[in-house]
Amino acid sequence: MESTSPAVVMPTARQNPFDPPEELRRRQGLGPIHRMTYVDGGQGWLVTGFAAARAVLADPRFSVRPDHMRSPVAQPARTPVPPGFLLRMDPPEHDRYRRLLTGDFTVRRMKLLEPEIEAIVNDQLNAMELAGGPADLFKAFALPIPSQVIGELLGVPYSDREGFQRNAATLLNIDLTAEHRQEAVRELMAYLRDLLRHKRSWPEEDVLSGLAAHEGLTADERAGLALLLLIAGHETTTNMLALGTFALLANPAQLAEVRDKEEDAPAVVEELLRYLTIIHHVVRVALEDIELHGCVIKAGESVTVALSAANRDADHFAAPDALDLTRSTAGHLAFGHGLHQCLGQRLARAEIRIALPALLRRFPALRLTVPPEEVPLRSAMTIYGVHELPVTW
């Protein structure tokens, strides 16, 4: 059933650091789909129910192209979509680019990468132990591990991390102007074009060397694909590691479950992904009139899918607001669903599954050095998390 009260701006600030915004939960209690007034005054829809969210994400009649897509948050004009940036493309264009990358993220390829992930995690833990506490776990652990892992896979030198980390953070900050974000894209594209030219002349065993050798792509298409992989490959996992640690420190019984039962790590990862859902929302545009849960979405109307709310839907998950590392979370939407489900989800799962238990075993007395309410949250970022996590051990 539809709820008709309008939402002028999509809420992203979380009153409890681990729960969806209270306004989204209130709307969810009124039904799975709601009329929504977008920032520019246009009418569209907000989806908060799990079944309705899966239906939208799986339906090819909903487009991801930015043409005529309304913004659900108070942000400046969208930055132009770089060539090859398949997150903003529909088939067949999307399928052509995605096929080029699928072989780099297979189960077998990720399994072969696990010893490298373990070595990177161990080196980072050694560095933390040597430096001693207190520390900012975001900078000391959560940020460097995914940056190094995606660098190894793609062939991006870790020595260049300062530039791509800074520009990635700028690109994802919805409080900054369009000019700031466009400049970040220009710098990243220029850096990646140069790196790909180098790979074309001196190839190695990495993803960018494969892209550089592909004759069917332009230089900008190669750089656009590389940009997507670089940003998605470190920003999402970085914030899951930091926020996941924060959530476990706030739930000591669950923390012990992670530290002491390594064989349960895969289930732990899935529940943390569901519980935290760091991607606030995604937007689709109806290509034709579509009926959804008794509502008719008109062609051209935007639909905002609130992933964090959908993953807390009591009609699908029992006691959804509890962090329960023993539950089954089959089908959660933390990585999306359907055609645009996250390409790198196996890599993210492997990093979290390896890194979190290793951290908690190495530092069994790990604890916050500030009250939980003083941990600064990334409410103004398209990928949620913490800006820093002060800890000691």
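## A walk through the model

Start by selecting E235: with a relative accessibility of 6%, this residue counts as buried, because buried means under 20%. Keep in mind as you go that this is a predicted model. E235 belongs to helix α10. Show side chains around E235 and look for R378: the two side chains make a polar contact at 3.3 Å. Leaving aside residues up to four places away in sequence, E235 touches Q165, A168, A169, L172, R378 and I383.

**Next stop: helix α6**

Now select residues 144-154, which make up helix α6. How many of the 11 residues of α6 are buried? The count is 10, so the helix is largely enclosed by the rest of the structure. Colour the buried ones to see them: P144, I145, P146, S147, Q148, V149, I150, G151, L153 and L154. To find what covers them, bring up the neighbouring helices, including α4 (107-131), α5 (137-142), α7 (161-171), α9 (207-212), α10 (219-249) and α14 (345-362). You have already met α10, as the helix that holds E235. Before leaving, click on G155, just after α6, where phi is positive at about 95°.

**On to strand β6**

Select residues 281-286 for strand β6, which is mostly covered, with five of its six residues buried. Which strands pair with β6? One is β4 (residues 62-63), joined in the antiparallel sense over two bridges; look for F62 opposite A286. Another is β9 (residues 302-306), also antiparallel, over five bridges. Within that pairing, V283 has T304 as its bridge partner.

**Last stop: the aromatic rings**

The structure holds four aromatic pairs. Select F363 and W393 to view a tilted one: the ring centres are 4.5 Å apart and the planes meet at 35°. F363 sits in the loop between α14 and β10 (367-368), while W393 is in the segment after β11 (390-392), so this pair ties together parts that are 30 residues apart in sequence. Are these two residues buried or partly exposed? F363 is buried, with a relative accessible area of 3%, whereas W393 is partly exposed at 26%.

Then select F18, F246 and Y275, which form one aromatic cluster.

Finish with two rings that have an arginine over them. The charged end of R35 sits over the ring of W45, 4.3 Å from its centre. Over the face of F317 you will find R274, at 5.2 Å from the ring centre.

Conventions. Residues are numbered from 1 along each chain as its sequence is written. This is a predicted model: local features need pLDDT of at least 70, side-chain atom pairs count only at pLDDT 80 or more; totals for chains, interfaces and linings use all residues. Side-chain values use heavy atoms; hydrogens and water are left out. Buried means under 20% relative accessible area, exposed over 50%, partly exposed in between (1.4 Å probe, protein chains only). Helices (H or I, at least four residues) and strands (E, at least two) are DSSP runs, numbered from the N terminus. Contact means heavy atoms within 4.5 Å. Two strands pair if DSSP finds at least two bridges between them. A polar contact is a pair of N or O atoms within 3.5 Å; within protein, one must be able to donate a hydrogen and the other to accept it, and residues adjacent in sequence count only if both atoms are side-chain atoms. Rings of Phe, Tyr and Trp (its six-membered ring) pair if their centres lie within 6.5 Å; planes under 30 degrees apart count as stacked, over 60 as edge-to-face and the rest as tilted. A charge sits over a ring if NZ of Lys or CZ of Arg is within 6 Å of the ring centre and within 35 degrees of the ring normal.
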